[in-house]
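Subject: Structure handover

Hello,

Here is the structure you asked to look through. My notes follow it.

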Amino acid sequence: MSCLSDIINFCNSRIAVGEIKDFSGAYNGLQIENNGSVTKIGAAVDAGLVSFKNATDENIDFLIVHHGLFWTPPTPLTGPNYQKIKNCIDKNLAVYGAHLPLDCHREIGNNAILASQLNLPQSGTFLNYEGNDIGLVTDCKITRKELTQRLHQIFPRGIHKIEYGPSNPSKIAILTGSGQSAFEDIKRIGADTFITGELRQHHFNLAQELELNVYTCGHYATETFGVKALGEEVATKFNLPFQFIDTACPL
């Protein structure tokens, strides 16, 4: 058993919560507290009712999520919103949100871990938001075919590929989750290939026109890495069990 406040302090420091400004309405840090004690660490991508119920069914009492509860102006605690909060309070589940601070972390961020699993060396960052770059740039020494094979291995549920760039990429931009905001920056930074979670239909035309390789691997799937890594570090630091709550989201 460990103290909730000690775990919060560790998480806040590890991902520099106070230094990374997030999107308007987003909140990083402790979102729901429990009775102050933690016996099992969990991680999930989304702060959804199913994630919460599955976590409490597994006796998790501290859950790290990437997409937290707070994004928009306050909403009434009715229907599913009420059920989510009630489940946490009734089952003593603390919830900790970590969005952009976990996306852009150079060691345990979603982008960094994906680059590492692809064996692509980091060479820079891009897409500045409020003073911090949230995208990652990597060098590439492998063929497009080999890159595609590696992506299929990491994302067995499937990827979508749009291949109008070189068959031997040299610079790859990575932005997990939604890649819509990054598209205009890709050519500017000299990248010929873009790996992300999801895009809109018109980005297919842009990929053709800009002669880019583009791979979309799923918003959910590309954002499982960071919460797992942070959860595992917390569990190791405080000698607690850890479990990832997979909701098998296909999007």
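**The five-strand sheet**

E4 and E5 pair in the parallel sense, with five bridges between them. Strands and helices here are DSSP runs, numbered from the N terminus, with at least two residues (E) for a strand and at least four (H or I) for a helix; two strands pair if DSSP finds at least two bridges between them. This is a predicted model, in which local features need pLDDT of at least 70 and side-chain atom pairs count only at pLDDT 80 or more, while totals for chains, interfaces and linings use all residues. Residues are numbered from 1 along each chain as its sequence is written, and side-chain values use heavy atoms, with hydrogens and water left out.

Within the E4–E5 pair, Asp-46 has His-67 of E5 as its bridge partner. On E13, E4 has a parallel partner joined by three bridges, and there Gly-42 is matched with Gln-243. Both pairs belong to an open sheet of five strands, in the order E2-E6-E5-E4-E13 and with mixed pairing. E2 and strand E13 (242-244) are the edge strands, each pairing on one side only. Neighbouring strands in this sheet are turned by 30° against each other on average, direction ignored; axes are lines fitted to C-alpha atoms, for helices over the stretch in contact, and angles run from 0 to 180 degrees between N-to-C directions.

E4 is largely enclosed by the rest of the structure, because five of its six residues are buried. Buried means under 20% relative accessible area, exposed means over 50%, and partly exposed is in between (1.4 Å probe, protein chains only). H2 lies across E4, E5 and E6 and runs at about 160° to E5.

**The six-strand sheet**

Another open sheet has six strands in the order E7-E8-E10-E11-E12-E9, and its pairing is mixed. Strand E7 (122-129) and strand E9 (160-163) are at the edges with a single partner strand each, so one side of each has no neighbour in the sheet. The average turn between neighbouring strands of this sheet is 20°, direction ignored.

Strands E10 (residues 171-178) and E11 (residues 193-198) pair in the parallel sense over five bridges. Ile-172 stands opposite Thr-193 of E11, and Ala-173 has Phe-194 of E11 as its bridge partner. Five of the six residues of E11 are buried, so E11 is largely enclosed by the rest of the structure.

Ser-178 lies in strand E10 and counts as partly exposed because its relative accessibility is 26%. Not counting residues up to four places away in sequence, Ser-178 touches Thr-196, Glu-198 and His-219; contact means heavy atoms within 4.5 Å.

**Helix packing**

Helix H5 (residues 110-117) lies across E7, strand E8 (132-139), E10 and E11, at about 130° to E10. H5 also packs on H9 at an angle of about 95°, with the axes 7 Å apart. That makes H5 roughly perpendicular to H9, a class that covers 65 to 115 degrees. Asn-110, Ile-113, Leu-114 and Gln-117 of H5 meet Phe-225, Gly-226 and Ala-229 of H9.

**Nonpolar cores**

A nonpolar core is a set of buried Ala, Val, Leu, Ile, Met, Phe, Trp, Tyr and Cys residues joined through side-chain atoms within 4.5 Å. The largest has 45 residues, and those with the most contacts inside it are Ile-7, Phe-62, Tyr-96, Leu-147, Leu-151 and Ile-195. Elements giving two or more residues to this core include helix H1 (4-14), strand E4 (41-46), strand E5 (62-67) and helix H6 (144-154). H9 gives the most, with six residues. Apart from this core lies another, of 19 residues, among them Ile-20, Leu-127, Ala-173 and Phe-183.

**Two backbone details**

Which residues other than glycine have a positive phi? Ala-16 has a phi of about 50° and is found in the loop between H1 and strand E2 (29-32). Ala-16 counts as partly exposed because its relative accessibility is 22%. Asn-59 has a phi near 65° and is in the loop between helix H2 (49-57) and E5. At 58% relative accessibility, Asn-59 counts as exposed.

Regards

Conventions: Parallel < 35°, antiparallel > 145°, perpendicular 65-115°, else oblique.
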